[in-house]
Amino acid sequence: REFSLVEDGERGLAVFAVGLPETAATRDPEGKLVMALTLLRCVGWLSRDDFPTRRCQNAGPTLQTPDAQCIGPQPFRYAVFPYEDGHLEAGVKNVARMWRVPVPTIQGVWEGHVPGNCGLVGTRTRLTSVTAVKKHEARDTLVVRLYNLSDGPVTETLEFGATVRAAWRVDLLEERVRSLEVSGGTLELELRPCEIATVEVEFEG
């Protein structure tokens, strides 16, 4: 739902879209690969029973939906991202997320301010994706959830913008499973293929 792509092992092309995520890769009459992106889906009926491609069966109520014709000007936002090697090496997942989600900004205050050019948490490889960063529901700690994008084992290093006092692997209910070794502001994780990992972190101070 964040991107679609075609690749041959040496290079690829990804399509990012805000809105409908529907794409299809087909061949034109000359045999060239074509990626089609659905920009707008307009229907006059919610469902019909006269489509031979659906064996003349309904896919829902047979209701007219004239307002779903979407007549008039329509804005669209999408991007194409060419890359080399494979999509994991190119970090397509994280590039798509950065493009789709604008950076949130707020007006800062002096109390509790931090210097610029630093972040709260980051990863060293392109083989994982962070899906959640939140305060623990019951403790004054930080919870970070990420997963391995690849089908092989990955050693990932989380880098924090503050000194870490202690860290734990936690389950999806955020209950502590075991403690983890920390070194200053970094934490190393061993992830199995496609594994989801949740970490609880306590900062100094």
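A disulfide, as I will use the word this morning, is a pair of cysteine sulfur atoms within 2.5 Å, and I begin with that cut-off because the first result depends on it. Please keep in mind throughout that what you see above is a predicted model.

With that cut-off, a search of the whole structure finds 0 disulfides. Cys-42 is in no disulfide, and the nearest cysteine sulfur, which belongs to Cys-70, is 4.2 Å away. Seen from the other partner, the sulfur of Cys-70 has its closest cysteine sulfur in Cys-42 at 4.2 Å, which is too far for a bond. As for their surroundings, Cys-42 is partly exposed, with a relative accessible area of 36%, and Cys-70 is likewise partly exposed, at 30%.

Let me turn to the sheets, and start with the one that includes the strand at residues 3–7. Here 3 strands form an open sheet in the order S1-S2-S5, with antiparallel pairing. Strand S1 (3–7) and strand S5 (77–84) stand at the edges, and each has a single partner strand, so one side of each is left without a neighbour in the sheet. From one strand to the next, the twist averages 15 degrees. Helix H2, residues 92–100, packs on this sheet and touches S1, S2 and S5, while its direction makes about 30 degrees with that of S2. Looking at the pairing itself, S1 and strand S2 (residues 11–18) are joined in the antiparallel sense over 5 bridges, and Gly-12 in S2 is the bridge partner of Glu-7.

A second open sheet is made of 4 strands in the order S6-S9-S13-S12, again with antiparallel pairing. Its edges are strand S6 (121–123) and strand S12 (182–183), each with a single partner strand, so that one side of each has no neighbour in the sheet. S6 is joined to S9 by 3 antiparallel bridges, and the bridge partner of Val-121 in S9 is Phe-160. S9 and S13 pair in the antiparallel sense over 6 bridges, with Thr-157 partnered by Glu-188 in S13 and Leu-158 partnered by Leu-187. S9 is mostly covered, since 5 of its 7 residues are buried.

Which residues touch the most other members of the largest nonpolar core? They are Leu-158, Phe-160 and Leu-187, out of the 14 residues that make up this core. The elements that give two or more residues to the core are strand S8 (142–148), strand S9 (154–160), strand S10 (164–170), strand S13 (186–191) and strand S14 (196–203). Leaving aside neighbours within four places in sequence, the contacts of Leu-187 include Leu-158, Phe-160, Ala-167, Leu-180, Val-182 and Val-199. Apart from this core lies another, of 7 residues, among them Ala-14, Ala-79, Ala-90 and Val-92. As background, nonpolar side chains tend to be buried together in soluble globular proteins.

I will close with one polar residue. Is Thr-198, which lies in strand S14, buried or exposed? At 2% relative accessibility, Thr-198 counts as buried. The side chain of Thr-198 makes a polar contact of 2.9 Å with the side chain of Arg-145. Not counting residues up to four places away in sequence, Thr-198 touches Val-143, Val-144 and Arg-145, and also Trp-168, Arg-169, Val-170, Asp-171 and Leu-172.

Notes. Residues numbered from 1 in each chain as written. Predicted model: local features only at pLDDT ≥ 70, side-chain atom pairs only at ≥ 80, totals over all residues. Heavy atoms only, no water. Pairing = 2+ DSSP bridges. Axes fitted to C-alpha atoms, helices over the stretch in contact; angles between N-to-C directions. Contact = heavy atoms within 4.5 Å. Core = buried A, V, L, I, M, F, W, Y, C linked by side-chain atoms within 4.5 Å. Buried < 20%, exposed > 50% of the residue type's maximum accessible area, 1.4 Å probe, protein only. Polar contact = N/O pair within 3.5 Å; in protein donor to acceptor, adjacent residues only side chain to side chain.
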